[in-house]
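Here's a quick briefing to read alongside the structure. Take a look at the picture first, then work through the points below.

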Amino acid sequence: MSKKKENDGRQVIAENRKARHNFFIEEDFEAGIVLKGTEVKSLRQGECNIAESYAEVRNNEVWLVNAHIKEYSMGNRFNHDPRRPRKLLMHRRQINKIFAAIQRKGMTLVPLSIYFDDHNRAKIKLGLAKGKKAHDKRQASKERDWSREKARMLKEHG
């Protein structure tokens, strides 16, 4: 997987494209990730998948669950478990806000992307999301197709 350099100095390693299809993203948060050395080296090679992962609040801490960071090929006995839960670093107020939204409104905390910021620290972008129903997904697909068709027609006719 190739690393993309965005205009604000971020180097995107992994994106969860399905998240915007399956959820309404209400608000997004940035968090740091507690990683081992071999995990950082593997991330630098772009060996990460967050498609089936989610985040949860346990004991007033936020944890990233089921994210797959491939074992580092040169890591020998110091290698990490690819699917271990990883602690996320957030401010207490943000954690309390997320916990309240999950408890009261039945929302989910979904990872949107993992990237290196301009200080070369691994960060994760989390979205506070509500699940979409099947008819919502169909409606979004229709709107996307119509906007594509409209743009095509405008391009052809001037």
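**Ile124 and the nonpolar core**

Not counting its neighbours within four places in sequence, Ile124 is in contact with Phe29, Glu30, Ala31, Ile33, Leu64, Leu88, Pro111, Ser113, Ile114 and Tyr115. Keep in mind that this is a predicted model. So where does Ile124 fit in? It's one of the residues that touch the most other members of the largest nonpolar core.

**The core**

- The largest nonpolar core has 27 residues, and Leu43, Cys48, Val62, Leu88, Met90, Ile124 and Leu126 touch the most other members.
- At least two core residues come from each of these: strand 2 (11-15), strand 3 (23-33), strand 5 (54-58), strand 6 (61-65), helix 3 (92-105), strand 9 (108-116) and strand 10 (122-131).
- Which strand gives the most to this core? That's strand 10, with four residues.
- In soluble globular proteins, nonpolar side chains tend to be buried together.

**Lys70**

- You'll find Lys70 in the loop between strand 7 (68-69) and strand 8 (86-89).
- Lys70 counts as partly exposed because its relative accessibility is 42%, and that value falls between the 20% limit for buried and the 50% limit for exposed.
- Setting aside neighbours within four places in sequence, Lys70 is in contact with Ser42, Glu47 and His80.
- Lys70 and Asn96 are 26 residues apart along the chain, and their C-alpha atoms are separated by 31 Å.

**Rings**

- How many aromatic pairs turn up in a search of the whole structure? The search finds zero.
- Phe116 does have a charged partner: Arg44 lies over the face of its ring, at 4.0 Å from the ring centre.

Terms used. Residues are numbered from 1 along each chain as its sequence is written. This is a predicted model: local features need pLDDT of at least 70, side-chain atom pairs count only at pLDDT 80 or more; totals for chains, interfaces and linings use all residues. Side-chain values use heavy atoms; hydrogens and water are left out. Rings of Phe, Tyr and Trp (its six-membered ring) pair if their centres lie within 6.5 Å; planes under 30 degrees apart count as stacked, over 60 as edge-to-face and the rest as tilted. A charge sits over a ring if NZ of Lys or CZ of Arg is within 6 Å of the ring centre and within 35 degrees of the ring normal. Buried means under 20% relative accessible area, exposed over 50%, partly exposed in between (1.4 Å probe, protein chains only). Contact means heavy atoms within 4.5 Å. A nonpolar core is a set of buried Ala, Val, Leu, Ile, Met, Phe, Trp, Tyr and Cys residues joined through side-chain atoms within 4.5 Å.
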